[in-house]
Amino acid sequence: MSRFCGDVTGNLGVPNTSRRLVGCLASLGPIVLALTAALSLAGTLVSVALTQDDEVGAEDSRASALIAVPPGTRVDTSSFRLDDLAGTQHDLGKTKANVVLVHFFATWCEPCREELPALQRLIERSGAADLAVLVVSVGEPDDRVRRFFASMQLSFPVLLDRERQVAKAWRVETLPTTFVLNRELEPRLMVEGEFAWDGIKLEELSDTIGLHKTPPRKDGG
Amino acid sequence: MKMNRRDALHAGLFASLAAVLPRNAAAQSSFAPRPDNWRSFEITTRLDLEKAQSAAQAWIPLPAVNEPEWTRPLGNSWSTNARTAVVERDSKYGAQMLHLEWEPAADPPMAEVTSRFSTRDRAVDLSKFGNAAPLSEVERKLYTEPTALIPTDGIVRRTADMITANATSELAKAKVIYEWIVENTFRNARTRGCGVGDIAAMLRAGNLGGKCADLNALYVGLARAVGLPARDVYGVRVAPSKFGYKSLGTASPAVTKAQHCRAEVYIAGMGWVPVDPADVRKVVLEEPPGNLSLTDPKVVAARKTLFGAWETNWLAYNMAHDVRLPGSSGPAVEFLMYPQAEIAGSRLDSLDPEHFKYVITASEVTPT
């Protein structure tokens, strides 16, 4: 199984740590090379985030570090089978989309409350064929999560990681944490802390994770 | 040691904390719990679950902390229409709970559990070391080890090491961690319940807001990370503060949402020292008129007192973490401070008593 680096360097001197983007590296990967490669990829997302801040008149508080995952790094999708709120099991390995966001959250996490609707807006302007969003509740009782979402109109599944097993396997150390996977389900980016998804276009995400350089996935059938 | 930006922030705040305490402010208020008279209380938890076609079960915490110096459980009684009602005991920490089970399609499940206990205030003389019994190796291991949400390595250890870098004694370390919590955290009114106490996440996110289960767990984790035995004590407030702190007591016999957890740190020679930095932050936020400064006399008095003393207008249930609920296939609870229940194997939201539902009331029953 590939391993993530959770406590990575590469913070680009950002004043607001809660909005930092950190990269996700294979544990055996050459960090320096990854950093170098990441910085070029980082430009798009970071600049988008800053643009949005400028538009709303906010102070510069969101610029973040971003490190790309070396190509070929994989997550253990085989253990990612989680029930949704209706009791239907979801298997990450069967998820088909050009970009897959796996978003770990908790109802007690304040930034998560604002980020979930932003993810919904992202998927609405992206189209279901291009983007799949899986949000994963970490360590909370079903009823609490169900009530939390009762008033939200969300089109993506809310999955229940009741025992935190997936979060532990993916080395999630703070909430929210989001992984951006390509259509091969390779993790390419990691966002630790909340992120301004409203400032991102799917095309930019796709470009950043190198989607357009990847040959089409052979799904069989 | 490598120091990142957040570490530097922590260190800077730590360095500045000594500068904000006015020298004579503590004398402006009297918040002085003393271990004098014992008081007795009765607490009743009334549980009413919705009628369901599936089996239901519930777990109601019972007082299980028995410390001759300050708290004694006096027994439990209950009435219920459950098929079974059994007192269960957590094998690791000794937490106790009443485990109730109902048949499918039974009448709406109900239970009413009443517990009595006696308690008196605590105050440890921090100016001298006594002859408190040393901890056994088993106890020392139990109260220095990590829990699911309280790791003692990584960012917790790094933070603790920075905070205590200049502290040379156990007591100095315990105190400087306490002051650091008071200085650097805040009570967040939006936090549900008492929080969850995911302290590594708090530190990594740089968001040190929360409530007692967050802030006092942070104290416990930082203390354990530098080798100090420490433990959370989970309970519920049962009476007003006799020292006039509205924020640190109940306003009525209804205590359904009055859960509160505290912390203890073990100092050789002194024994378990009560601390409660989360309540200092509660005074800051909630004591009228609200949003007090750290130099407000009420805050200064609370800050001075709550390292070494507790007013025990409060019931201590247990000191348990990661509690498996007997008969449940669901996840362990981070701590057992709220009633828990499941219908058809689905865990109810213990932080939502109106829908759950449960009501907790308390009254003093001290003989006159």
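Me: Helices (H or I, at least four residues) and strands (E, at least two) are DSSP runs, numbered from the N terminus. In which loop of chain B does B:K357 lie?

Reply: The model is predicted, and in it the peptide bond from B:F356 to B:K357 is cis, with omega near -5°. On one side of B:K357 is the helix α9 (353-356), on the other the strand β17 (358-364). The residue therefore falls in neither run under the DSSP assignment, and its place is the loop between α9 and β17 of chain B.

Me: Which residue does a cis peptide bond join to A:L175?

Reply: The cis bond that starts from A:L175 has an omega of about -5°. Its partner sits in the loop between α4 (165-169) and β7 (177-182) of chain A. That partner is A:P176.

Me: How many helices and strands are there in chain B?

Reply: By the DSSP runs, a helix has at least four residues and a strand at least two. Counted in this way, chain B has 9 helices and 17 strands.

Me: What is the radius of gyration of chain B?

Reply: The C-alpha trace of chain B spans about 65 × 50 × 45 Å along its principal axes. For 368 residues the globule rule gives 21 Å, and the value for chain B is close to this, so the chain is as compact as a globular protein of that length. The radius of gyration is 20 Å.

Me: What percentage of the residues in chain B is buried?

Reply: A residue counts as buried when its relative accessible area is under 20%. Among contacts in chain B between residues at least 6 apart in sequence, 75% join residues at least 24 apart, while the accessible surface comes to about 14600 Å², with 51% of it belonging to carbon and sulfur atoms. Of the 368 residues in chain B, the buried share is 58%.

Me: How far apart are the mean positions of the positive and negative charges of chain B?

Reply: Chain B carries 42 positive and 40 negative charges. When the mean position is taken for each of the two sets, the distance between them is 5 Å.

Me: Is B:N291 buried or exposed?

Reply: B:N291 lies in the loop between α7 (277-286) and α8 (297-305) of chain B, and it has a positive phi of about 50° although it is not a glycine. Its relative accessibility is 64%, and because the cut-off is over 50%, B:N291 counts as exposed.

Me: What is the relative accessibility of B:D322?

Reply: B:D322, which is not a glycine, has a positive phi of about 50°, and its place is in the loop between β14 (314-318) and β15 (340-343) of chain B. The residue counts as partly exposed, with a relative accessibility of 30%.

Me: Which cysteine does a disulfide join to A:C109?

Reply: A search of the whole structure finds 1 disulfide over all chains, and its sulfur atoms are 2.2 Å apart. With 85° about the S-S bond, the link is right-handed, and both of its cysteines are buried. The partner of A:C109 is A:C112.

Me: How far is the sulfur of B:C261 from the closest cysteine sulfur?

Reply: In contrast to that pair, B:C212 is in no disulfide, and the cysteine sulfur nearest to its own is that of B:C261. B:C212 counts as buried at 3% relative accessibility, and B:C261 counts as buried at 0%. A disulfide needs sulfur atoms within 2.5 Å, so the sulfur of B:C261 is too far from that of B:C212 for a bond, at 3.3 Å.

Notes
Residues are numbered from 1 along each chain as its sequence is written. Chains are lettered from A and ligands numbered from 1 in the order in which they are written. This is a predicted model: local features need pLDDT of at least 70, side-chain atom pairs count only at pLDDT 80 or more; totals for chains, interfaces and linings use all residues. Side-chain values use heavy atoms; hydrogens and water are left out. The radius of gyration is taken over C-alpha atoms; the globule rule is 2.2 Å times the number of residues to the power 0.38. Buried means under 20% relative accessible area, exposed over 50%, partly exposed in between (1.4 Å probe, protein chains only). Contact means heavy atoms within 4.5 Å. Accessible areas come from the Shrake-Rupley method with a 1.4 Å probe; for residues, only the protein chains shown count as cover. Lys and Arg count as positive and Asp and Glu as negative; His and the chain ends are not counted. The place of a charge is taken as NZ of Lys, CZ of Arg, CG of Asp or CD of Glu.
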